[in-house]
Amino acid sequence: MKLPDIKILNEKNKLLHKVSKEVIFPLSNENKKLINDMLLYLKLSQIEKYSTKYNLRPGMGLAFPQVGKLLRIFVICSEEEDESFTNYVIINPKIKSESEELIYVGEGEGCLSVDRDVEGIVPRHARITLEYFDIEGNKCNIRVREDIAVAFQHEIDHLNGILFTDKIDKKNPYKNQELMREI
Ligand code: NI
């Protein structure tokens, strides 16, 4: 499989710190292609053969601002236990409810736009429910939990110009750790 030609912006780029705009349907063919390219890129990045061949850092999520487009779209490609992949395409998401329980990724979060080691933990809701539109413009609902819920919240933050590094207290990177569950 050939690596899609997409350019991922680095955290220093101003676009990553701006709020993205709501999508108006129908989606252009260009944006539909970009969605498919982003999903394929994420999948290949998680398959060792391709991540080695193309020198990719593994990632499971990308938001449109990371490829230079300020639109409220993100994609997630998640590997299942049987080594198949589940794709999510989420457009104009609105969080409807979030669990009180907070979790954090013990090994730290990563981001394809942040190419350095970052110490600290990011508080996330263990479960969230959201309303969104699919690629054809149909209104949908989804409830996600654990690592997928973390990925969704990380990507929604991108749509609001927020990076996970912005959510880590620099003076106390493990602040309130005892109030959250590690995953
Ligand atoms: Ni990210």
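This report looks at two pockets in the structure above and at one residue, S113. The model is a predicted one.

**The two pockets**

Let's begin with the pockets side by side.

| Pocket | Volume | Lining by class |
|---|---|---|
| Largest pocket | about 500 Å³ | seven nonpolar, six polar and five charged residues |
| Second largest pocket | about 150 Å³ | four nonpolar, three polar and two charged residues |

The largest pocket has a volume of about 500 Å³. It is lined by 18 residues, and those closest to its centre are M60, G108, E109, G110 and C111. Which helix gives the most to this lining? That is helix α3, spanning residues 146-159, with five residues.

The second largest pocket holds about 150 Å³ of space. Try finding its lining in the 3D view: I8, N10, Y41, N55, L56, R57, L112, S113 and D115.

**A closer look at S113**

S113 is one of the residues lining the second largest pocket. Where along the chain does S113 sit? You will find S113 in the loop between β4 (102-104) and β5 (124-125).

Is S113 buried or exposed? Its relative accessibility is 1%, and buried means under 20%, so S113 counts as buried.

Who are its neighbours? Leaving aside residues up to four places away in sequence, S113 touches I8, L9, N10, E11, L16, R57 and Q66. With L9 there is also a polar pairing: a polar atom of the S113 side chain lies 2.8 Å from the backbone oxygen of L9. Among the residues that S113 touches, I8, N10 and R57 also line the second largest pocket.

Note on methods: Residues are numbered from 1 along each chain as its sequence is written. This is a predicted model: local features need pLDDT of at least 70, side-chain atom pairs count only at pLDDT 80 or more; totals for chains, interfaces and linings use all residues. Side-chain values use heavy atoms; hydrogens and water are left out. On a 1 Å grid over the protein atoms alone, a cavity is a set of points where a 1.4 Å probe fits but cannot get out, and a pocket is an open set with protein on both sides within 12 Å along at least five of seven lines; lining residues have an atom within 4 Å of a point. Grid points are joined across faces, edges and corners, and a volume is the space filled by probe spheres set on the points. Helices (H or I, at least four residues) and strands (E, at least two) are DSSP runs, numbered from the N terminus. Ala, Val, Leu, Ile, Met, Phe, Trp, Tyr, Cys and Pro count as nonpolar, Asp, Glu, Lys and Arg as charged, and the others, Gly among them, as polar. Buried means under 20% relative accessible area, exposed over 50%, partly exposed in between (1.4 Å probe, protein chains only). A polar contact is a pair of N or O atoms within 3.5 Å; within protein, one must be able to donate a hydrogen and the other to accept it, and residues adjacent in sequence count only if both atoms are side-chain atoms. Contact means heavy atoms within 4.5 Å.
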